[in-house]
Amino acid sequence: MSRVSARSAQKLAMVCIWGAGVITVFTVLSIIGYVLVRGLPHISWSLLTTLPKGGLSGEGGISSSIVTTFYLIAFTMVILVPLGIGAAIYLAEYAPDNKLTRLIRYGVETLAGVPSIVFGLFGFALFVTALHFRFSILAGALTLVCLLLPTLIRTSEEALRTVPRSHREAALALGATKWQTIWRVILPAAIPGIVTGGILCMGRAVGETACLYVTMGGSAAMPTSLLSGGRTLSMSLFYLATDTNAIEKAMAVGVVLIITIIVINAITNWFSQRFRARMAGGA
Amino acid sequence: MKSRYLIDRSSKVLVLVCASASFVILLAIAIFTLKEALPAFRQVGLLHFLFGTEWSPRNNEFGILPMIVGSIVVTAGALIIAVPLGIACAILLAEVAPVRVRQFLRPAVELLVGIPSVVYGLVGMVLVVPLIRHIGGSGYSVAAGVIVLTGMVLPTIISISEDSIRAVPKSYKEGALALGATHWQTIWRVLVPAARSGIIASIVLAVGRAIGEAMAMIMVLGNAPVIPTSILGPARTLAGSIAAEVNYAGGVHQSALFATAVVLFLMIMIINSVALIVLRRGGRVQSIC
Amino acid sequence: MDAKMETRQLGFYYGKRQALRNVSLKVPDNQITAFIGPSGCGKSTFLRILNRMNDTIPGVRLEGEVLLDGQNIYGPCVDVVEVRKRVGMVFQQPNPFPKSIFDNVAFGPRVLGMDRNVSLSDVVEKSLRAAALWDEVKDVMGKSGLALSGGQQQRLCIARALATEPEVLLMDEPCSALDPQSTLRIEELMDELKERYTIVIVTHNLQQAGRVSDWTGFLLLGELVEYGKTSELFSRPRDKRTEDYITGRFG
């Protein structure tokens with residue numbers, strides 16, 4: 001290829017690349033911007049603190065959704081975190097190179113590819129129906145645990161593997177047992193990375209709709225216990241958009257969701273930077 | 001300190017149990033879904049279920065071909081737009097854009113990856129559908145679905161592809177430039193091929209997300225269980241079909257929805273396996289997810 | 001001599017590859033014994049055998065006996081954790097934990113359950129004094145171990161190893177990652193420590209071996225070519241291979 005045509009090919013390519021960039025930026029800004037512009041004016045203290053009253057015009061606020069979302073995420077994390085970290089510890093520190101390990105990894109990878117609605121159906125069949133939890137925060141939380149488990153396992157395992165080998169050796173040489181090494185040295189060193197993964201999971205949970213849509217029932221009432229049904233913020237958005245004509249309220253909920261994600265992203269970034277700095281100082 | 005050894009041994013068992021949870025859950029999903037789906041398969045027959053073109057629970061008709069086609073069309077449409085656009089943006093961010101631009105764009109892309117799908121659906125409903133209505137039809141259409149899905153998968157493709165391009169060893173780039181290649185030639189002939197497995201992984205992830213998307217598709221596709229004949233016509237996806245009807249379906253109808261889930265899951269497995277083969281042939285195997 | 005540790009016909013295999021061949025020697029009590037030899041001769045492997053660290057590598061095999069105070073540490077009923085308490089190790093790259101200075105030194109006593117009988121702060125202070133680090137860190141015990149300089153980190157690792165009250169201290173090229181000044185301080189430290197501990201070091205620095213050690217062993221391709229008092233081995237080596245190595249004919 002001659003120098004001249006190579007240069008003009010490059011010019012053309014760069015134009016296309018920048019064009020793609022502009023289109024994407026435009027899309028980014030319009031999606032987020034549109035929701036913010038239309039929704040922000042409708043965010044008010046009363047929106048956040050009154051109960052939804054239902055009806056075609058979507059009267060009321062979203063207080064019950066906020067509370068439901070909070071309880072749902074809290075309960076999900078309480079089960080998810082020990083389970084996920086335990087599995088990650090096994091995979092990073094104990095797992096030998098055998099069939100069982102391969103089976104476990106196959107399970108984790110395949111589970112990660114199952115769509116949310118399928119988890120929802122499973123949750124519906126098992127938790128809602130077979131175990132008689134009925135439409136409830138409990139059923140939703142257990143379903144979310146199944147959905148998020150592969151993600152937490154993967155991020156936690158990565159965090160554990162970043163801890164340098166030399167720490168394990170030093171601890172063993174001092175007479176620690178394997179579990180003591182894990183519990184006192186490796187896990188503490190990997191905490192920032194694990195927390196980052198946990199926060200990521202919380203972010204995903206906040207945005208999840210499909211699997212909760214079929215396990216939580218969608219009741220607009222304030223939840224009284226884990227066995228109460230309810231609707232999360234993202235479910236509210238869906239109901240407001242499709243069952244009522246209160247588009248402005250739906251936009252407002254969208255704003256709440258977007259702000260939540262922004263905050264979560266910021267916290268995650270801060271944590272992972274701290275994690276990298278800590279590890280960089282190590283041997 | 002004998003308790004030390006007891007703790008050591010029992011903790012190994014404990015974490016093994018935790019690790020097995022994933023496989024157990026997967027097995028449980030498979031068992032439950034199949035069990036619930038069996039009545040439908042038995043009553044309707046596998047072939048009639050897969051290739052029947054009429055889905056009308058009231059008339060006891062359960063053919064999911066319209067939904068299969070709907071899922072494929074919408075996903076394919078989104079990919080056709082999102083893949084070139086996404087790779088181009090990834091190249092932009094990784095190699096071409098000045099640092100300031102990247103510092104601003106990259107967090108924006110990451111933010112988009114986390115935006116819930118219902119928000120995309122909402123914007124689709126309120127912005128895209130009316131726009132398409134101007135062109136023709138009711139607005140609730142394949143076109144709207146494609147646009148919304150493109151918006152959803154684009155950030156994923158961009159962020160993962162950009163990471164992959166950045167991860168290519170500097171020595172490759174320097175070697176190419178030292179041989180007299182232009183920047184673009186280096187990008188297109190060296191960096192992108194070297195980042196191939198990561199880019200393909202991002203596409204597979206995007207496909208998974210697109211095919212599995214339920215709520216946003218309900219909001220913009222119109223949900224008519226017919227084989228889409230035009231871009232401006234309505235359609236329905238497998239996932240959307242399940243979500244739309246499961247709350248009030250009973251008996252065979254409910255079983256048919258579970259059967260739909262089985263088909264959906266199988267489709268995703270097939271796509272993942274194909275991707276794994278493509279990756280392996282490229283010489284590097286990487287985890288899909 | 002009083003042998004603190006002894007190996008008898010020691011052989012060691014990584015899978016099929018034999019790394020050590022028929023090594024028999026006695027490590028004298030309260031002295032510094034150095035092992036020298038070219039890269040790959042098996043000196044680090046040998047050192048790691050003395051505190052059973054090689055147990056962590058899959059596929060290895062050991063022949064012969066390794067005695068600590070006359071008892072085989074590879075015997076059937078031996079508690080490996082007990083062995084590692086009595087035989088401590090300092091590594092080539094300083095590797096303090098990402099914890100505070102105090103927690104680094106207190107780690108050993110805590111996991112071994114020693115903190116039930118003695119005060120941790122006493123043990124920590126004692127160990128840091130023994131490692132000649134106390135005066136420099138006594139006011140900043142809460143600071144991260146990683147915030148110290150390279151030489152200080154290595155002395156911290158020494159203090160950490162000493163906190164378990166070992167009888168033997170193994171040091172794997174302890175100064176190779178340090179600057180000359182820190183090296184000098186640690187060599188001085190070794191001289192003080194040998195009064196209370198038995199020290200075994202591995203080094204590729206011949207001058208260092210000559211400076212600090214009382215006894216020296218020369219390993220070549222997994223074999224113990226020569227072993228004896230440092231002064232004699234360096235001035236009147238009995239084996240030609242030893243002489244060639246010491247005079248730099250190969251490295």
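Two residues are in contact if their C-beta atoms, placed from the backbone, lie within 7 Å. The model discussed here is predicted.

Q: How do you know that chain B and chain A touch, and how many residues of each are in contact?
A: By the 7 Å cut-off between C-beta atoms, 70 residues of chain B are in contact with 71 residues of chain A. Helix α1 of chain B (residues 2–44) supplies the largest share of the side of chain B that touches chain A, namely 22 residues.

Q: What makes up the side of chain B that touches chain A, by class?
A: That side has 50 nonpolar residues, along with 15 polar and five charged ones.

Q: Why is Val80(C) called partly exposed?
A: A residue is buried with 20 or more other C-beta atoms within 10 Å of its own, and exposed with 12 or fewer. Val80(C) has 16 such neighbours, which lies in between, and therefore counts as partly exposed.

Q: Where is Val80(C), and which residues does it touch beyond four places away in sequence?
A: Val80(C) is in helix α2 of chain C. Leaving out residues up to four places away in sequence, Val80(C) touches Arg52(C) and Asp55(C). Between the C-alpha atoms of Val80(C) and Thr203(C), which are 123 residues apart along the chain, the separation is 26 Å.

Q: What is the confidence in chain C, and where is it lowest and highest?
A: Chain C averages a pLDDT of 91, and 100% of its residues score at least 70. Within chain C, confidence is lowest in helix α2 (residues 80–86), at a mean of 88, and highest in strand β8 (residues 198–202), at 96.

Conventions:
Residues are numbered from 1 along each chain as its sequence is written. Chains are lettered from A and ligands numbered from 1 in the order in which they are written. This is a predicted model: local features need pLDDT of at least 70, side-chain atom pairs count only at pLDDT 80 or more; totals for chains, interfaces and linings use all residues. pLDDT is the predictor's confidence in each residue, from 0 to 100. Helices (H or I, at least four residues) and strands (E, at least two) are DSSP runs, numbered from the N terminus. Ala, Val, Leu, Ile, Met, Phe, Trp, Tyr, Cys and Pro count as nonpolar, Asp, Glu, Lys and Arg as charged, and the others, Gly among them, as polar.
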